[in-house]
Amino acid sequence: MYKSKAYSAASATAPLAADMIERRDLTDQDVQIEILFCGICHSDLHSVRDEWGGAVYPIVPGHEIVGRIAQVGSDVTQFKPGDAVGVGCMVDSDGTCPQCKAGLEQFCPNMIQTYNSPDKYLGGMTYGGYSDSIVVDQRFVLRVPPNLDLAGVAPLLCAGITTYSPLHHWGITKGKKVGVVGLGGLGHMGVKIARALGAHVVVFTTSPNKKEDALRLGADEVVVSHNMDEMQQHAGSFDFILDTVSAEHDVDAYLNLLRLDGNLTLVGASPTKLSVAAFSLIMGRRNLSGSLIGGIAETQEMLDFCGKHNITADVEVIPIQKINEAYDRLVKSDVKYRFCIDLASLKSE
Ligand code: NAP
Ligand code: ZN
């Protein structure tokens, strides 16, 4: 075991603060990563404030990790010290269930999340990327394309794969009309990836001041969602809508914009229940579905796709000392478009 610097939350109401945590010694299958950047996902905030229930404190959040390999275990052949790598939302799974065999580790009943899951090595819970170092099984380590900026890559490990996976699964290609609801961390990645897949992209936002950015990020059209006339112009026209909203909202308003057999996929994880009118689905044989991050092979595929298309997140890089301020801004949808922690700032703690 060795000590690592981190920021943790001691309770649902405590601010995040400097802490020391333990990391395991390397097994033969492990790599040790010096963490350089970690994106701030709204899931970190939901977890820290226990908005979904089930939080165990202290929590060290962070599942958009990018860093360099510091050391490798004796059976590690795919990575060597100095390699730029990423770790996303998962650090382990059983590897034997049908979901793991299908490359869908995120749905493994024994999947271990990067933070706030039982830690089979040290007891207690796993600790995430708001830290200067982490030890991870090589099977859950991703390769970063060499042409991409590391701070901008970090958010791909969650926001990137969470939007890439459903767009892929539901067959988005050139000529499809795709809506993206909510222009935050996930939403802005959804826009970039849907655009790169050749879709016609329409952003729905509650923030009129994000209109120009939405177009710059790759949207063909922007709708301010409280403008009923603008909404109505798109009625019955979408092949697919990706809903990234982090709070309760009117899903029916978007279902009604789908065409025959259209699909609305929820990735936003509102802590409160969403309601759906039966007729929003019955009319037009519409589909409502959900999606959770993506498997490991698909995450590598997404990173390679982003490398090829030169896609990274638009990040506001912050020192970790500004984390509580960043959380307060996230609640107000005031993010352009992902906060990313520069872990070099932990050295002064
Ligand atoms: P974020 O950066 O805070 O973006 C969420 C966006 O939703 C906001 O920027 C805002 O966009 C819109 N929004 C927020 N509150 C709203 C409200 N009350 N009504 C309507 N729109 C609202 O969050 P994120 O990191 O992208 O995460 C989004 C959600 O996805 C979170 O719930 C997170 O936990 C979840 N998530 C799920 C997965 C998965 O695997 N399914 C993975 C990661 C995250 P506008 O200003 O444009 O309206
Ligand atoms: Zn996330």
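How many cavities of 30 Å³ or more does the structure hold? The answer is two. I'll come back to those in a minute, but one thing up front: what we have here is a predicted model, so please listen with that in mind.

Okay, ligand 1. There are 31 residues around it, and the ones that come nearest are His-42, Thr-205, Thr-206, Ser-207 and Arg-338. If you sort that shell by class, you get 13 nonpolar residues, 15 polar ones and three charged ones. Two helices are worth pointing at on the screen: α1, which runs 42-48, and α5, which runs 185-196, each supply at least two residues of the shell. The one that gives the most is α1, with three residues.

Now, which backbone atoms sit close to this ligand? Let me take three of them, beginning with Gly-185, where a polar backbone atom is 2.8 Å from an oxygen of ligand 1. Then there's Ala-269, with a polar backbone atom 3.0 Å from a ligand oxygen. And for a nitrogen atom of the ligand, look at Val-267: a backbone N or O atom there lies 3.0 Å away. As for how covered the ligand is, taken alone it exposes 920 Å², and the protein buries 90% of that.

Next up, the metal. Ligand 2 is a zinc ion, and its protein donors are Cys-41 through SG, His-63 through NE2 and Cys-158 through SG. Those donor atoms lie 2.0 to 2.2 Å from the zinc. For those of you who like to read motifs off the sequence, the spacing is C-x21-H-x94-C. That second gap is a big stretch of chain: His-63 is in the loop between α1 and β4 (65-72), Cys-158 is in the loop between α3 (150-153) and α4 (159-169), and the two are 95 residues apart, so this pair links distant parts of the chain.

Right, back to the cavities. The largest has a volume of about 240 Å³. What lines it? There are 19 lining residues, and Arg-24, Val-91, Asp-119, Thr-126 and Val-135 lie nearest the centre. Three strands give two or more residues each to that lining: β2 (17-23), β6 (90-92) and β8 (133-137). The largest share comes from β8, with four residues. Here's the bit I'd like you to notice: by class, the lining is 10 nonpolar, two polar and seven charged.

Hold that next to the second largest cavity, which has about 80 Å³ of space. Its lining has eight nonpolar residues, three polar and no charged ones. Among the residues there you'll find Met-90, Phe-140, Leu-142, Leu-157, Ile-161, Ile-293 and Ile-296, along with Gly-88 and Thr-299.

There's an open site I wanted to show as well, the second largest pocket, with about 150 Å³ of space. The lining includes Phe-107, His-169, Trp-170 and Glu-298, and also Leu-104, Gln-106 and Ser-165. By class that comes out as four nonpolar, five polar and one charged.

Last topic, some backbone oddities. Where are the cis peptide bonds I've marked? One runs from Tyr-57 to Pro-58, with omega near 0 degrees. Pro-58 is in the loop between α1 and β4, and if that loop sounds familiar, zinc donor His-63 is in there too. Another cis bond goes from Lys-336 to Tyr-337, with omega near -15 degrees. You'll find Tyr-337 in the loop between α11 (323-331) and β17 (338-342).

And what about phi at Asn-116, positive or negative? Positive, about 65 degrees, although this residue is not a glycine. Asn-116 sits in the loop between β7 (112-113) and β8, and β8 is the strand we met at the largest cavity.

That's my tour. Happy to rotate the view if anyone wants another look.

Definitions and conventions. Residues are numbered from 1 along each chain as its sequence is written. Chains are lettered from A and ligands numbered from 1 in the order in which they are written. This is a predicted model: local features need pLDDT of at least 70, side-chain atom pairs count only at pLDDT 80 or more; totals for chains, interfaces and linings use all residues. Side-chain values use heavy atoms; hydrogens and water are left out. A residue is near a molecule or strand if one of its heavy atoms lies within 4 Å of it. A polar contact is a pair of N or O atoms within 3.5 Å; within protein, one must be able to donate a hydrogen and the other to accept it, and residues adjacent in sequence count only if both atoms are side-chain atoms. Accessible areas come from the Shrake-Rupley method with a 1.4 Å probe; for residues, only the protein chains shown count as cover. Ala, Val, Leu, Ile, Met, Phe, Trp, Tyr, Cys and Pro count as nonpolar, Asp, Glu, Lys and Arg as charged, and the others, Gly among them, as polar. On a 1 Å grid over the protein atoms alone, a cavity is a set of points where a 1.4 Å probe fits but cannot get out, and a pocket is an open set with protein on both sides within 12 Å along at least five of seven lines; lining residues have an atom within 4 Å of a point. Grid points are joined across faces, edges and corners, and a volume is the space filled by probe spheres set on the points. Donors are N, O and S atoms within 2.8 Å of the metal (3.2 Å for Na, K and Ca); water is not among the atoms, so sites may look incomplete.
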